[in-house]
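New to this one? Here's a quick briefing to read alongside the sequence and the model.

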Amino acid sequence: MLIAIALRVRNFYLDIAYYNYLYRGFSYGLGGLLENAVYLELRRQGWQVYVGVQGQLEVDFVALRKDQKLYIQVSWQMAGDEQTAMREYAPLLNIKDQFRKVIITLDDVRFPNNNGVEHLFPWEL
């Protein structure tokens, strides 16, 4: 099954102060800050980073480097919120290739591998 690389515009900031200047307050939420940090770390490691779209499902990041591909979902927390967990796992479980698929959260617990989808903490990326 193919996943399209989206042409949707998403902005990630090198200095979050610019975002705060343009958009007052924390309307983007803590999850947006974590996404921004993950994006910057992927770029620092030399990955080309895109947004993936598969039908109505969106993968936060499709990272490409040479012959490697990495699918990443980012969520502030999933523990105790089954609806959030299902929303985050769904796009990754729908991808049927052999490349690595991970969900990155700041949960206090590690989730077990779910049909090939790993759970990582941000510092493990």
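A residue counts as exposed when its relative accessible area is over 50%, and as buried when that figure is under 20%. By that yardstick N115, at 70% relative accessibility, is exposed. Keep in mind that what you're looking at is a predicted model. Let's start with N115 and its surroundings, then move on to the inside.

**Loops with an unusual backbone angle**

- Most residues other than glycine have a negative phi.
- N115 goes the other way: its phi is near 50°, a positive value, and it isn't a glycine.
- You'll find N115 in the loop that links β5 (100–104) and β6 (117–120).
- K66 also has a positive phi, near 55°, and again the residue is not glycine.
- K66 sits in the loop between β3 (57–65) and β4 (68–74), and with a relative accessible area of 86% it is exposed.

**Helix α3 and its two sides**

- Helix α3 covers residues 82–93, and its 12 residues should span 16 Å at 1.5 Å a residue; the end C-alpha atoms are indeed 16 Å apart, so the two figures agree.
- Which residues of α3 are buried? They are T84, A85, E88, Y89, P91 and L92.
- Look down the axis of α3 and those buried residues fall within an arc of 160°, so they line one face of the helix.
- Turned away from that buried side is a face with the exposed residues E82, Q83, M86 and R87.
- As for what covers the buried residues of α3, the list includes β2 (48–54), β3, β4, β5 and β6.

**The nonpolar cores**

- In soluble globular proteins, nonpolar side chains tend to be buried together.
- Here, the largest nonpolar core has 14 residues, and V38, L42, F61, L70 and I72 have the most contacts inside it.
- At least two residues of this core come from each of α2 (29–44), β3, β4 and β5, with α2 giving the largest share, 4 residues.
- Leaving aside residues up to four places away in sequence, L70 touches L42, W47, F61, V62, A63, R100, V102 and L125.
- There's another core apart from this one, made of 10 residues, among them Y71, L92, I95 and V117.

**Strands β3 and β4**

- V59 belongs to strand β3 and, at 1% relative accessibility, it is buried.
- Although V59 and Y71 are 12 residues apart in sequence, their C-alpha atoms are 7.0 Å apart in space.
- Q73 is part of strand β4, and at 3% relative accessibility it is buried too.
- How far is the backbone nitrogen of D60 from a polar atom of the Q73 side chain? The distance is 2.6 Å.
- Beyond residues up to four places away in sequence, Q73 has quite a list of contacts, including V59, D60, E88, L92 and V102.

**Aromatic pairs**

- A pair of aromatic rings is described by the distance of the centres and the angle of the planes.
- The structure has 2 aromatic pairs, and one of them joins F121 and W123, with 5.1 Å centre to centre and 10° between the planes.
- That pair counts as stacked, because planes under 30 degrees apart are classed that way.
- The partners differ in how much they show: F121 is buried, with a relative accessible area of 11%, whereas W123 is exposed at 64%.

Terms used
Residues are numbered from 1 along each chain as its sequence is written. This is a predicted model: local features need pLDDT of at least 70, side-chain atom pairs count only at pLDDT 80 or more; totals for chains, interfaces and linings use all residues. Side-chain values use heavy atoms; hydrogens and water are left out. Rings of Phe, Tyr and Trp (its six-membered ring) pair if their centres lie within 6.5 Å; planes under 30 degrees apart count as stacked, over 60 as edge-to-face and the rest as tilted. Buried means under 20% relative accessible area, exposed over 50%, partly exposed in between (1.4 Å probe, protein chains only). The expected span of a helix is 1.5 Å times one less than its number of residues. The arc is that of the directions from the helix axis to the C-beta atoms. Contact means heavy atoms within 4.5 Å. A nonpolar core is a set of buried Ala, Val, Leu, Ile, Met, Phe, Trp, Tyr and Cys residues joined through side-chain atoms within 4.5 Å. A polar contact is a pair of N or O atoms within 3.5 Å; within protein, one must be able to donate a hydrogen and the other to accept it, and residues adjacent in sequence count only if both atoms are side-chain atoms.
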